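Please read this report with the sequence and the structure side by side. It goes from the definitions to the helices, then to the sheet, the metal site and a few single residues.

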Amino acid sequence: MVELAPSILSADFAHLAEQIQAAERGGGTVIHVDVMDGHFVPNITMGPPVVASLRKVTKLPIDCHLMIENPDEFIPALAEAGANWVSVHYEACRHLHRSLELIEQHGMKPAVVINPATRVNLLIDILPMVHHVLVMSVNPGFGGQEFIRFSLEKIRHLCAVRAELGLEYRVEVDGGIAPETIAQVVEAGADLLVAGNAIFGDGHPEENARRLIHMARAAAGECSK
Ligand code: DX5
Ligand code: ZN
């Protein structure tokens with residue numbers, strides 16, 4: 001089943017609870033939280049205290065996308081704050097296997113993220129450990145960037161490898177997901193669809209989320225409410 005994961009990066013931070021609840025009413029089923037440290041990516045956002053506040057206003061899975069150096073240092077605090085899924089960048093982890101184990105040991109679902117310039121083949125050995133693989137379809141750091149088209153091939157590749165190896169990880173895509181691109185990523189095989197600007201950018205998250213999930217379900221051949 002395809003799911004929409006509203007990314008709060010483009011939400012109005014002064015009204016996060018209302019914004020999340022509106023996106024949830026529109027059909028968002030995962031809350032995507034972009035954690036940035038100003039080192040791994042050229043932007044700073046939020047961390048465990050914001051996750052703890054979000055935990056009080058939503059029951060949906062909180063999907064933390066860590067764009068930080070030394071992600072291991074923040075795993076215990078994220079677990080304590082109530083995060084459910086944690087994804088770490090292949091490019092940020094010196095010991096990726098250890099980081100994924102650490103996430104699992106803290107009772108959260110581990111995931112790995114690859115930047116646009118990173119090949120899927122590098123992940124083969126750790127794929128059995130992950131709940132999902134996140135394919136970045138923009139260079140991480142900012143919302144509202146243009147979708148990078150060669151990400152589609154990576155999504156297809158990950159789905160082919162999953163079938164070949166008999167695994168069950170999900171494929172998430174993040175960056176530039178909008179009415180113009182959502183059908184293509186679903187047709188390529190992605191089933192967790194992150195969208196920030198397309199949901200929150202114009203101040204109408206409920207309507208935007210409803211439209212996007214409807215388009216995604218149609219592209220997946222699922223019936224839509
Ligand atoms: C970018 C973040 C994304 C971002 C996507 O580094 O990882 O989650 O919010 O934004 P849009 O959907 O606007 O491209
Ligand atoms: Zn993200």
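A residue is called buried when its relative accessible area is under 20%, exposed when that area is over 50%, and partly exposed in between, with a 1.4 Å probe and protein chains only. Helices (H or I, at least four residues) and strands (E, at least two) are DSSP runs, numbered from the N terminus. This is a predicted model, in which local features need pLDDT of at least 70 and side-chain atom pairs count only at pLDDT 80 or more, whereas totals for chains, interfaces and linings use all residues. Residues are numbered from 1 along each chain as its sequence is written, chains are lettered from A and ligands numbered from 1 in the order in which they are written, and side-chain values use heavy atoms, with hydrogens and water left out.

## Two helices with a buried face

In helix H2, which covers residues 48–55, the residues Pro48, Val51 and Leu54 are buried. Seen down the axis of H2, these buried residues fall within an arc of 115°, so they line one face of the helix; the arc is that of the directions from the helix axis to the C-beta atoms. Contact here means heavy atoms within 4.5 Å, and the buried residues of H2 pack against helix H1 (16–25), E2, strand E3 (62–67) and helix H3 (75–81).

Helix H1 can be described in a similar way. Its buried residues are Leu16, Gln19, Ile20, Ala22 and Ala23, and they fall within an arc of 160° when seen down the axis of H1, so they line one face of the helix. They pack against E1, E2, H2, helix H7 (197–200) and H8. Just after H1, Gly27 takes a positive phi of about 120°.

## The sheet

Two strands pair if DSSP finds at least two bridges between them. Eight strands form an open sheet in the order E1-E8-E7-E6-E5-E4-E3-E2, and the pairing is parallel. Strand E1 (3–6) and strand E2 (31–36) stand at the edges with a single partner strand each, so one side of each is left without a neighbour in the sheet. On average, neighbouring strands of this sheet are turned by 25° against each other, direction ignored.

Two of the pairings can be followed in detail. Strand E7 (residues 170–174) pairs with strand E8 (residues 192–195) over three bridges in the parallel sense, and Val173 has Leu193 in E8 as its bridge partner. E4 and E5 pair in the parallel sense over five bridges, and Val88 stands opposite Val112 in E5. Five of the six residues of E5 are buried, so E5 is largely enclosed by the rest of the structure.

Helices also lie across these strands. The angles below are between axes, which are lines fitted to C-alpha atoms, for helices over the stretch in contact, and they run from 0 to 180 degrees between N-to-C directions.

| Helix | Lies across | Angle |
|---|---|---|
| H4 (residues 96–105) | E4 (85–89) and E5 (109–114) | about 145° to E5 |
| H8 (residues 205–220) | E1 and E8 | about 150° to E1 |

## The zinc site

Which residues are the protein donors of the zinc ion (ligand 2)? They are His32 (NE2), Asp34 (OD), His65 (ND1) and Asp174 (OD), lying 2.0 to 2.3 Å from the ion. Donors are N, O and S atoms within 2.8 Å of the metal (3.2 Å for Na, K and Ca), and water is not among the atoms, so sites may look incomplete. Along the chain, the donors follow the spacing H-x1-D-x30-H-x108-D. The site has six donor atoms with angles of 71 to 168° among them, and it is octahedral. Four donors count as tetrahedral if all angles lie between 85 and 135 degrees; four count as square planar and six as octahedral if opposite donors are over 155 degrees apart and all others between 65 and 115; anything else is irregular. His32 is buried, with a relative accessible area of 0%, and Asp34 also counts as buried, at 4% relative accessibility.

## Three single residues

Val186 is found in helix H6 (residues 182–188) and counts as buried at 8% relative accessibility. Leaving aside neighbours within four places in sequence, Val186 is in contact with Val2, Leu193, Ala216, Ala219 and Ala220.

Asn115 lies in the loop between E5 and strand E6 (132–136) and is buried at 15% relative accessibility. Ala83, in the loop between H3 and E4, is buried at 7%.
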